[in-house]
Structure formats: structure tokens, C-alpha cells
Amino acid sequence: MTLLDRVKHKEDSHRKNFSLLDVGILIQSLMGDSFRPIYTTKPEYAYLDVDLLLDGLTTKKAKEGMISPIKAMAELAMNPASNQDDVDGRANQKHKSHSDFENPSQELFIWSVLMIRQGMAKLFWAEGKDAIAAALVANSILKAMRSKTDDTEVVLKIQHDIDEWSELAVGVLSECYSTDEKKAQDLLVREQTNWGDTTCMLIAVKAENKVFISQTACQSLLNSIWMGKLAQDNSSWKLMLCVLCPPLALLLLNFQKKQVEKPNNQLQNQLYKLDNDKKDQDDKKPLRRQKSKLNRRRNSLRVGEEGKDQTKNDEQEQKKMLGVRERIYYFFNAPVIIFMNNVLSYLVFLGLFTYVLIFDFNPNVTTAEIILMIWVVTIFSEEVRQVATTASNSLAAKLQSYITDTWNIVDIITIVLFIIGMVLRFLPHSSTFEAARVFLALNFVSFFLRLLHIFSVHKELGPKLVMIGRMVQDLMYFLVILMVFVVSYAIASHSILFPNSPLRWYTIVDVIRKSYWNIYGELFLEEIEGSPDCTFDAALWLDGTHPRCPTDTGKIVVPILMGVYMLLANVLLLNLLIAMFSYTFTLIQDNTDKHWFFQRYSLIYEYYTRPVLCPPLIIFSHVYLLVKFLFSCCCCQQSTSNNDNEDDFRRKFKNERELVQWENVIADAFHQKTELKDFESMEYKVNDTNTLIKELTSRIDELQEQQLQLSLSDKVSQSHLTPITPVFSSGKSPYDLYHMMEMTHDSIKWIMNSLKEGKMASDTSVPPTFIDWEEQRLEGERKSKKKKKRKLEIKAGEERAKVREMLLRGINCHFRSRTSPYPGSLISRFPVPDDKVSWETEYLEYSPSAYTAQELELRPEWADIDIFQMTPQQREAAITSFNAVDGEKQVDRMSFLGEYVVQNGLPLNPKGRTGLQSRGLLGRWGPNHAGDPVVTRWKKNADGSKEMKEGKPVFEFVAVLRADNQMCALPGAILPPGAKPADHLQADFTDKAMGSLEGSSNEKVVRKKLNKIWKKGVKIYEGYADDPRNTDNAWIETTAISYHDEDGAAFSQCNLRAGERAELVTWLTGSHNVTLHGSHLYLVKLAAERLGAYF
């Protein structure tokens, strides 16, 4: 029986088909009681009569009266009607008019996950929304389903899928966090209306996804929640000092500035109708807006400088508005301060408990005992509050969620021991009073062990607690093995030493006591060998007057048994325990931080939800909460509104639509990057090759089978003929067979000639000769080779055409200018799809980071001043020569592409968005003019002739190996102000070429030949350079000049040397298969077209 069968039979056994409500109840049982699927919250799904839709049958569940508590709760949540008739009326109405699914990809995704169809689930995951939440839900559902089966193969498959969904969720979250930290943290706490009205963080915690919780984004969010409104840079000693003396918080502590949420532009949301569902890029069409071109550009070209200036002004105003009352409120409500107050309160409580046990525990109740009891009552009331405020709905689910925390179990044991001790303390018997002292002493130990929970917040002590917990588990298993040896030796030795012992409790304790303490070195030799005052008289040793003497056999046998026992217990088992501890330590050492991060969440959440007051004053907060709860129960409207209260773990955002679209863009970019990585992996290539080989093998088998069937059919059709089977000698060689065929051919030819002479054969029916057959065969092979060669030439031409098309497309969309990470850094660009590159296209989610290299901050001579942090007015005053030549510095800021846009004092890349703002590694704002020489010569064969390929000569060009990215490139350079490209390139290249001939006799001859080459240089390109260093506000434009050495004499007598930023220089063969830096391959292609060479 499947899981859905169990749910259906439990809910309504008379129904034939499954309903969406059954699916919702199943998902809720797998995900937890706090997860509310849309199938249980939306009436159009829950009241869908599947029997009526599929089979035309109606199900009257109201008359049968078989409605489960979960389903009744779901119906009550959907329809708070006053009676059952109203509910049934609403249900019948939904049966009559039901709509299609709002998000079909999500429904299909859930179905695929429940059916454990991973490939299909990943397909619908890529097509849907809320990528992080969907991956976490799949991870959680599969974890719950894994515990429902015992099939090892199914468990392994589910575990593989679980790990894959966890990697997808972590991958998308990491990409989001590297792009925008604030938005990534907002995604973690955003209430997911499509996924159970919960958050990504809570889904991961419920599923115990420790890998996800340990990510930097989650830990950064927890750090901010832990500090509350206090600044992160406040040290621990400052916080402790302010806890001891709260007024110092006004002087020592720094507070965060309150962020003012900007109101949403409703008009803009109405005008910009964005499509939430992800479609293929080929099917995407630009959205039409009812705004002018100027407004579109202004919205899409926003870089955020004015917002930063406004934010600074807002922070200054808020700093003035942050008064003493607000600072005190933020200080006491910070979870870290609540934690410290509770720690101090707990230490005082332990001190009071210590005083009562040691100095003031008498039959008469003292004031200290009364205070201690009140204190424990307040601690117990806090545990009750934690159970009541759990996110689960039913009491059973709340208790189950509560006891999953080990420290809560410790709290229960501690409180139970205290209650037992107090009950025994008030009984009017002296023996019970002593028993009460023992229970309270044990209770004090349990209270003291609760201090370990406080250590879990520490970065160094917290992971050690995880190791201790795992080692305690190993110790429990070890004790089971140890007790086998202890009990067996104890009974054997005692039966030999003291046979026929009386059956009493003391005997049982004495048997186990000696064998157990033997492990720690206590041998009890006096009892084994017998003391001088021992006796065999039963009356004397039974009343305890004298010890019992051991038997003579026991004195001999038991020491031998004890030696073997000590060897096994002390040497073998204890070393086994040490080995187990070492293995556990090594095994969890790498993952200890993940376990600690996960436990840290529980601690932070506990003190975030805990009242401000600490025990015993916390009782006032509990009374307030109880009164508030009773009042809300009387006023239903108030209770419903309270359910909508937001906190730092669950929030709703006004810009939720933009946040979801931003997540979808990041998820799509991550999905494409993952697919590309999979395609390039060796595993994928091997699997693809194996698949191709299997297909070819199966195709060959089919052809062989068809040929066999045809041969069998021919044999059947010719079965009436008597076959003549030629018999050949096994010893004949191929030459003999060839000779025999010639002789046969001559014989047949003689017979034909004889028939012609007798006029018994026609002259036209002359059979071909064997030599003719051979010539025809050779001619066919020649034609086949020509066809194959022609196909290869056509294929090579198609590849070159594709390369040309790819190069042109890359330059037009500046593909390399959008690659991540940015050179020389770990900065990731904001993902920019090809259809969003142009500034004319709306891209409201576009929020790129800004990056400027550290070397530019030193203000070198070849770089402009940093204007990015200035206001627009300051920028316009700092640089006034955009789209012109700077008269003072002779910096050419004109673009080959024409006039470019200057927005808020910053130039904008004329090719479009790059995913990164500021200058990066480039020195100039706007165009950075460069020059790239394409120096070529013909590639020669060994005999000195030109090497030809496809009828064209092959050429070589000079290339350098760049030191920054280890890629080959043309030996270009950024032009200094006022320099002409041709003059600068010739001078720079001549110095590098002549470096090896300086002072030699051939220097003048070579220099003269080089000058002739420079004079014949031809400009082949002048325009935008698709370079990884380009940004939104700075880009490279290059001038490429082709220099060709026709006879190769100029460079045959000199060796080129690399420049400062190159590791080596060499000659490369010109081809479309060469990988070069930036758009240099396109420049080499232009040089090849100029020379008419092969490329």
C-alpha cells in the first residue's frame, strides 16, 4: 500500500480516486505540522471532487460522517462557516466552477518529487519559481520518504536525490549571496505563500539540512538577528560591561541605523507587467511599456549613486532621531543581551541552590528554599511557554517538536527531579528527608550540566560539545559490550569463591561491584585470598561479624580468571574505546562546524523568542502573555491579526515581486552554469560516448538481424532448387584463388567465342572481364575518397562560418565582458542575459556590484580620479570632457561607436550592461583606447615553400602569453594620452624585437627591414574591444593594424622578447581553433582575410 493509499483510506475509504486534499495531507505529514500546503488551504483545490470529474460519481462525505481531524481542521481554516451546511454549500460551489492551476510547473514538480522522478523534477524546478524554496521542499519530502521504506536500492536512490537537491539549494543561495548579500538574506526569511506559508530557513531547519544552514548567507543572517539592533562591531567585553551596568550602553555601544523602506511605486508596477514564469530565451519577447523612451532609459540606467547619497542623509537624520528611550529599548531587546542576562540569572540561581544544599537545608522551610522553589516554578513556566509557542498546530506536534531538542529533555528531567525532591522533603519522615537531600543533590548536578548549553554559543567550545555528544553515543554502545565481560566474570568468580550464597540484594550488588571496579585497578585481593579473620561459619558471616572465607579452589582458579578478565577488559576493550573515540573525532572533525552552526540556530531562535525579563522576573512576562492570549481567544478578529505578526525569521516584503524575479534570474544563471559544467565534465563525455556506442551496437544488431531474415526468406523461396556448393581446398592461398578465377574467366571466354563462331550466341552479350571489374572497383574507391574529402572541406567551411558568426555575435553582445569572476578578483558580475544587454531593454532587477582595483586607489598618472563615490554634480565638475578630447591632459574620451550616454556624471558602456559598475582594472572612465598589432609571416615547409591548406597559404602571427590570465593574446597596449596608434605600436614592437640584437652588426639591417614593414601597415579594425576588463562605466576600444613580413627575412635574424605583463612571446599558426584573449581572434581573422590566407 502506497503512502497516498494510507491517507485516502484513513480520510475516506469509500472514495475511489485520490484527491488533492489527500496529497496536501500527505505533504503536510512529510514536511511537518507547521507546513501548510496549498491543497489544504485553497478551497478550489481541497473541494475538488475527483470522483465526479473522472468517473461521474458523487461522494457525499457529509452524510457518511467520516471526516478526519486533519481534514476538518483544513476545512475550518478554509471556510470559517457557522454550520456544516455552509461548508457543504461552499464545497458544492467549488465543484461546479473550478479553475486551472495557477502554477502548473509547481504542481508537476511536486508530483515528480513524490514519484521519485529526479530528471523530470529538475526540469520543472528549472521552469518554476522560488528555486531555493522548491529545492529545500524536495529535500525535506525525500528525507521523510526515505524513512518510510526499507528497500536498500530505493533508499540509495533517494539519498542521491536528497544530496542533489541540497547542492542545488546551496548553489543558488551562494550565487545570490555573492551578487547581493541583503537580498539573499531577505530570500531566507521571505514568507513563501506557494510553499506552506513558511520560509526557506525554517524548511531547512525542519529537515535538519545542516549544509544549508552552515552557509555564509544563513550565518550572516543569524549574526544580525543575534545582535538585534546593536552594531556587529561591539566587542564582548563591552556587552558584558553594559549588562552589569545598563546606563553604559548609551556611551559604549554602537547601534544600527534603522532602514527606511521606500514606498512602492504603484504606477510603475502597473506599467511594467513582468512575466514571472521563466521561458526559453528564443521565445522571449520584449515587454511593451506605455512610457517614453527617455523614462525607460532613466529607469534602466539607474546606477544607485543618488540613492547612496540619500541613504547617507537618511542615516544622519536617523542618528539624531535615535533617542535615549529607543537605545535602551533596542539594548534590552537584543537576543545577545537577553542571553547574557539569563546566564547571569542562572549563575545566581546555581549559587542559591548551592547555599541551600550545603548550608541551609533543614526540616524547617527557610526563605532561601521558598525563593528557590519560586525560581524553579518560573523556569518551568518558561518551558511551558516554549511548548505553547511552537509553530505546530496540534498539541501532539508541539510536544514532539519540543522533545526533539536534547536540552529540552534535560530540562524535563531536571524539573522532575526537583519536584520529587520537594515532595520527599515535605513528607513527615526522617528517611524521606534524607532521600530528598539525595534527589536535590542529583538535581543540582543536572542543573549544573545545563551550563553546557550556554557554551554552545562560543565558536571554540560549541563544536567540542558536538564531539562530546557523539562520543557519549559511542560510549553507550561500548558499555553494552563491556557488560558482557563484566557480568560473565562477576558471576563465574563469585560462584567459585563463595558458592551457595544467600539470595538477597546485597549479594547481587556485591557480585557486580567487584568485577566493575576491577577495571579501574581495584583487585580485592584480600577477598580472593582470604583475610586472617575470615570464617566458614555461616552464622557468623551472615550477620556480618566476620568476612566469609573463599574456597580453596577459588584461591587458585579466580586469580587466573581475573588475569584473563583484566587483559580483555583493561587492555583490549579500553583500547577499543579509545580507538572508537579517535575514529569519531576524525570522522566528524570536518563536519563539526556544520553541526555547531545548526545547533546555534536553535539557541538564537530560543533567545530571540524568549521574553526580555529573566527568571524569576520572567513570571511577569508570562502573566502578560497569558492575559493577552485569553483576550485574543475572546476576540476572534484579534487572534487572526496576531497570526500575521512578522519577525526577523518570517517576513513579507513590499517589493516581493521584484525579489522573486531577481531570484529567478540568479537561479537561471546558476542552472545554465551547472549545465555547461556538466557538459564539459569528463564523466558526461564518457557517458555520452557510451550511449553513442550502445546506439550504434543496437543498430548493427538490427541490421544483422534484418540481413539474416532476408537470407532465410531467399533460401525458402529457392528451396525447390538443388544448391551447388563450391568446395575449396583449405590450403589454397589468395593468389591461387585469384589464378583459378583467371583460368575460369579464360575458359568461359573460349566457350563464348566458340558459341559465337557457331552462331549460337549474340555479339552484344559479352560479359565483363575480371580486369574490368578491378578497374571499376578502383574507380569507385577514388570517387568515394573525393566525396569524403569534399564533405570534410564543406564541414570545415561550416565550422569556420560558425566561428565567424560566433565572433561577431560575441562582439555585438560583448559576451566576454560579462564573464565572472572579474579578472584579478573574486567579484561576480550580476547575471545579464543576452536579451537584457541593451540599455534600451527594461531590466528592473539589474543591481550590479561596484569594483575598483586597489592599484587605481593609489592615483597613478595613467588613471583618472575616482568619481564613483561622488555626487553627480561633483562628477560633472571633476571630468567635463566626456565625448571629447581632454584639452589639459590630452586624454581622448571620444568613442569609435559615436556619442555615448553620460548618466548622473558616469559614462555608460555603449554596448550595454556588463554586470559590474565602476572602472575595475581600467584607468580611464569611458573609452580606454588601445592598439593591437597583428604581425604575420608565411609558414614555410622544410624545403622553404609556403605551407598550403585547402588551397590557401598558412600564416603565423606573433602572440604573447599574458601573466594575468595565462591566455595567448596579441602584443597590444593601452595608448598613452596624445599618442597615435601606429607610431606607438611600431616603436614599442621595434624595441622588443631589437632587444636581442642590440650592439650587433645586423642591427641596422634588421631595423631597416622592420621600417619597411611598418610603412606597409594596414588598419583592419577600429572599434569596441570585447574584453573581460570592461565594466558599465569603463571599456576598451582598440585600433588593430596588420603588419606582414612577406619573405620572413625581417624576423628570421631576431628573437622577440616579452613585455612586463607577458611571460613569453612566440609565433602561432593562424587558425579558427586558436583560443585567444578577448576579441583578438576576430582581429586575427580580419588579418587572414586581408592576406587571403587559410583561417
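The exchange below asks how labels were assigned in a predicted model.

Colleague: How do you know that Cys534 and Cys549 form a disulfide?

Modeller: Their sulfur atoms are 2.0 Å apart. The cut-off is 2.5 Å, so the pair qualifies as a disulfide. The link is right-handed, with 100° about the S-S bond. A search of the whole structure finds one disulfide.

Colleague: Which parts of the chain does the pair link?

Modeller: Distant ones, 15 residues apart. Cys534 is in the loop between α31 (525-529) and α32 (538-542). Cys549 is in the loop between α32 and α33 (552-589).

Colleague: Why is Cys534 called partly exposed?

Modeller: Its relative accessible area is 21%. Buried requires under 20% and exposed requires over 50%, so a value in between is called partly exposed. Cys549 has 6% relative accessibility, so Cys549 counts as buried.

Colleague: What keeps Cys176 out of the disulfide class?

Modeller: The distance. The nearest cysteine sulfur, that of Cys200, is 9.7 Å away. A disulfide needs sulfur atoms within 2.5 Å, so Cys176 is in no disulfide. Cys176 is buried, at 0% relative accessibility. For Cys242, the nearest cysteine sulfur is that of Cys245, 7.9 Å away, and Cys242 is in no disulfide. Cys242 is buried too, with a relative accessible area of 0%.

Colleague: Why is the contact of Glu382 with Arg385 called a salt bridge?

Modeller: The closest N and O atoms are 2.7 Å apart. The limit is 4 Å, so the pair counts as a salt bridge. Both Glu382 and Arg385 are buried. They are three residues apart in helix α24 (residues 367-388), so about one helical turn separates them. By this rule the structure has 26 salt bridges.

Colleague: What makes Arg450 and Asp411 a link between separate parts?

Modeller: Their places in the chain. Arg450 lies in the loop between α27 (430-449) and α28 (451-455), and Asp411 lies in helix α26, so the pair ties together parts 39 residues apart in sequence. The closest N and O atoms of this salt bridge are 2.3 Å apart. Arg450 has 12% relative accessibility and counts as buried. Asp411, at 8%, counts as buried as well.

Colleague: Why are Arg610 and Glu606 called buried?

Modeller: The relative accessible area is 10% for Arg610 and 12% for Glu606. Buried means under 20%, so both values pass. These two residues form a salt bridge, with the closest N and O atoms 2.8 Å apart.

Colleague: What makes Ile412 eligible for the nonpolar patch?

Modeller: Its relative accessibility is 36%, which counts as partly exposed. A patch residue needs over 30%, so Ile412 passes on area. The patch covers about 460 Å² and is made by Ile403, Ile409, Ile412, Ile413, Val416 and Ile420. Helix α26 (residues 406-426) gives the most to the patch, with five residues. Ile412 is in helix α26.

Colleague: Which residues touch the most other members of the largest nonpolar core?

Modeller: Phe109, Trp125, Phe212 and Phe349, in a core of 117 residues. Helix α23 (residues 335-359) gives the most to this core, with 13 residues. Beyond its neighbours within four places in sequence, Phe109 is in contact with residues including Trp125, Trp165 and Trp195. A second, separate core has 21 residues, among them Val934 and Val1084.

Definitions and conventions: Residues are numbered from 1 along each chain as its sequence is written. This is a predicted model: local features need pLDDT of at least 70, side-chain atom pairs count only at pLDDT 80 or more; totals for chains, interfaces and linings use all residues. Side-chain values use heavy atoms; hydrogens and water are left out. Patches are made of residues with over 30% relative accessible area and no salt bridge: like charges are joined within 9 Å, nonpolar side chains (Val, Leu, Ile, Met, Phe, Trp, Tyr) within 5 Å. Accessible areas come from the Shrake-Rupley method with a 1.4 Å probe; for residues, only the protein chains shown count as cover. A salt bridge is a side-chain nitrogen of Lys or Arg within 4 Å of a carboxyl oxygen of Asp or Glu. Helices (H or I, at least four residues) and strands (E, at least two) are DSSP runs, numbered from the N terminus. Buried means under 20% relative accessible area, exposed over 50%, partly exposed in between (1.4 Å probe, protein chains only). A nonpolar core is a set of buried Ala, Val, Leu, Ile, Met, Phe, Trp, Tyr and Cys residues joined through side-chain atoms within 4.5 Å. Contact means heavy atoms within 4.5 Å.
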